[in-house]
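Colleague: Thanks for sharing this one with me. Could we walk through the sheet and what packs on it?

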Amino acid sequence: MGSNSVRDRLVDQSLTSRYSQWVLEALDELEDPFLITDPAIAGHPIVFASRGFLAMTGYAFGEVLGRNGRIFQGPATDRRSVMEIREAIREERTVQISILNYRKDGTPHWILFHMCPIFGAEDGRVLHFVAVQVPISKRRSRCGVERCGAVLGTCREEVRLDKDLDCSHHAREVFVDMDSRGLEAKEPQMAGDQEKEKAANAINCILSALNRYSKMTGRVVCGKRCGSAGSGVASLPSSLNISLGRIKQSFVLTDPHSPDMPIVYASDAFLSLTGYSRQEVLGRNCRFLNGPGTDYEVLKEIKKSIHGQQSCTVRLLNYRKDGSSFRNLLHISPVRNASGKIAFYVCVQMDESSKNIDNGLSPEMWQLGAVGAVKVAVRSLSSSAGPSRPSQ
Amino acid sequence: MLTIKRVPTVVSNYQEDAGEPLGCGRNCLGKCCLPVSKLPLYAYVADAEKEPSSDFLLNSLLLGQWEERMGRGLFRYDVTACETKVIPGDSGFVAQLNEGRHLKKRPTEFRVDRVLQPFDPAKFNFTKIGQEEVLFRFEAGRGDKAYFSESSSLDRNISPNVVAINVSPIEYGHVLLIPRVLDCLPQRIDAQSFLLALNFAAETANPYFRLGYNSLGAFATINHLHFQAYYLSVPFPVEKAQTQNIPLVEDAAKSSVRVSKLINYPVRGLVFEGGNSLKDLGDVVANACICLQDNNIPFNVLISDSGRRIFLFPQCYAEKQALHEVSQELLDTQVNPAVWEIGGHMVLKRKKDYEEASEDYAWRLLAEVSLSEERFEEVNAYIFEATGLVETEVDKKKDAKESGASYESTMAPHFPEGCLVLQ
């Protein structure tokens, strides 16, 4: 089973596993353009795109599902704005910013991008990001009225009352402003109060739906971090999850400060290699990979290295979930965070019989590349980082 | 002649062996050894329409090689064991406590009043480093896909571009990109080398990997053309700083490069982005640098956002230091404001300085680096003329009026924090 199909399954189930099957219908009824992304999946992909978003941009659902939001950026998109969004994701907070995006046909358009994180109520982890994208109309509106939002029945507006959603949402505009195609699209357009209000209302409706349906699975979410850091496994901040998700090699992170050194992160490639699901490995010590043919002397060597805070490379026989064995070239290394002290151990696995590195790097170099990438990601983590950080 | 005394950091384990070259059999990068050696080679696609590569190959190669050299003990210290923090405040300056980076030896004299100086083969240069300090070659490939070759012989007629480790790293992955090492180019920007640096940034496709360049007189210590690079997983303060777009007359900006200036940041600088291609962007910035070089103005360049955003800082700190115009308090912290410091990443060697590090200190230090407003506008005029960019008339007048404005304005907040708790 390749790690791509692992990932595809994760993308498909991202919403339904948390909010139940019914949430898709409810989200489909919302008119505003919005996306939902999942930072725990490698590449931080889109897991849902609303009808309004697809209409606004000209894409089909299948063309955006699983892709990263950067595909809507283009040559004239202000890079600093891209950075602001990236940093809001990394810091798990809300951002509202005017930015130039591109439709499928390549035409640029200005949108007010309003994104906020969704937290799991029990552990305060970020589960999804919701990003509403309100088209910014040119300042001189057709009606000559700035705040059209509250006025019913004016020209070019469609007004709907959506009773299903329980929110006091009185007017929504869904229109494509023909004037902003091409021409002055590159001049910065600032969103007005009208657009900001629309965005805030839309976010509320989406959160309301997600909150309601999350109660069906018993795993409630909310728009503000309200849980304290989890029972059992320490959960990693989503900024670290996102960085680690870019690393393609098979590896796990273990926590030497918790009893029995549990796994706190496992890459998709690790799950493909061993056949386990993420839930089955998080919180457990790596020894479940060992079996009757595993050399005891090698295990002692590993233990000795870890005690000495040294890195080591060993070869041992390991076992997949289905019982089949593989020769594992295993490299283990201590990883320090911003305090300079060891925060994790990274264990990078390689099935020696598989010849799937075709990029020219030797197996050792491929493994060390993963170690280096993990060290860079963890290096910026302060000791107090984690779900207990207050949102700003 | 203006000089300052400072203790340089060493970038190579061979740097302190000043004096007699040890002759060959040493496996150095000189014409004696390199042409008959084999080095790993990464070939990138030199293409105008570059799609950011998603396969992470160059990152894995660079980080893997770097980690391997760590295992071999080639670095003077483990930089990940050095404490680091983001200084509280709006700017987010990053400070690191690194007591081992600076050598305990007598300061060397550096000339700071000439940005262009001829290459001196007697002084330390990168042909003298050992091959174990080289990670790989970085060359333009002929195919349509980037590839890596573990061991590749050098073409007799080509002077290779090499990526080497910095043995006194500021951060994990700190390397040096040395264009055409055998050509022994002095530290000066040319369009071809600058484009190579941009391609290197673009090829890693990683917003947390930046390249930097220091001219002579702006704290470059080795007069052999090189760029530095490393990973830092947080934004640099300068990347977060507000910018003000400088509108350009449409027909002059054929390259579609956009220029803005930094506002609300202690160092005045220009920001370049856009361009129809990496080459278009690179040529504009290279021309700006060449103009500064020709006018003997020291400067630093920061390449960020995978080569899509380039910061240019003309500076004058070294000159001020030589003329004894910098306060002793700032000098005592021994922070030389080169490109990383200007970007907002500071390495402090005394625990006291690290513990007391404040945004105010960082701001004050960097404010000393900056050109004055009048001088900055003068320099901009040279740059715009040299790059063929023309400001629109309206803003020239507006800038003249605003030149007296203070830089104290706070950033306009535009992140409304709604509390969206739902029951």
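Colleague: Which residue does A:Arg336 stand opposite in β11(A)?

Modeller: Happy to start there, and please keep in mind that this model is predicted. Strand β10 (residues 325-336) of chain A pairs with strand β11 (residues 342-348) of chain A over six bridges, in the antiparallel sense. Across from A:Arg336, in β11(A), stands A:Ile342.

Colleague: What is the order of the open sheet of five strands?

Modeller: The pairing in this sheet of chain A is antiparallel. At the edges stand β8 (263-266) and β9 (312-319) of chain A, so each has a single partner strand and one side without a neighbour in the sheet. Neighbouring strands are turned against each other by 30° on average, direction ignored. The order is β8-β7-β11-β10-β9.

Colleague: At about what angle does helix α12 of chain A run to β10(A)?

Modeller: Two helices are worth a look here. Helix α11 (residues 296-307) of chain A packs on the sheet and touches β9, β10 and β11 of chain A, its direction making about 135° with that of β9(A). Helix α12 (residues 363-379) of chain A lies across β7 (251-254), β9, β10 and β11 of chain A. Its angle to β10(A) is about 35°.

Colleague: And for the whole chain, what percentage of the residues in chain A is buried?

Modeller: Chain A has twelve helices and eleven strands. It exposes about 17,100 Å², with carbon and sulfur atoms supplying 52% of that area. Counting residues under 20% relative accessible area as buried, the share of the 392 residues in chain A is 55%.

Key
Residues numbered from 1 in each chain as written. Chains lettered and ligands numbered in written order. Predicted model: local features only at pLDDT ≥ 70, side-chain atom pairs only at ≥ 80, totals over all residues. Heavy atoms only, no water. Helix = DSSP H or I, 4+ residues; strand = E, 2+ residues; numbered from the N terminus. Buried < 20%, exposed > 50% of the residue type's maximum accessible area, 1.4 Å probe, protein only. Areas by Shrake-Rupley, 256 points an atom, 1.4 Å probe, with all protein chains shown as cover. Pairing = 2+ DSSP bridges. Axes fitted to C-alpha atoms, helices over the stretch in contact; angles between N-to-C directions. Contact = heavy atoms within 4.5 Å.
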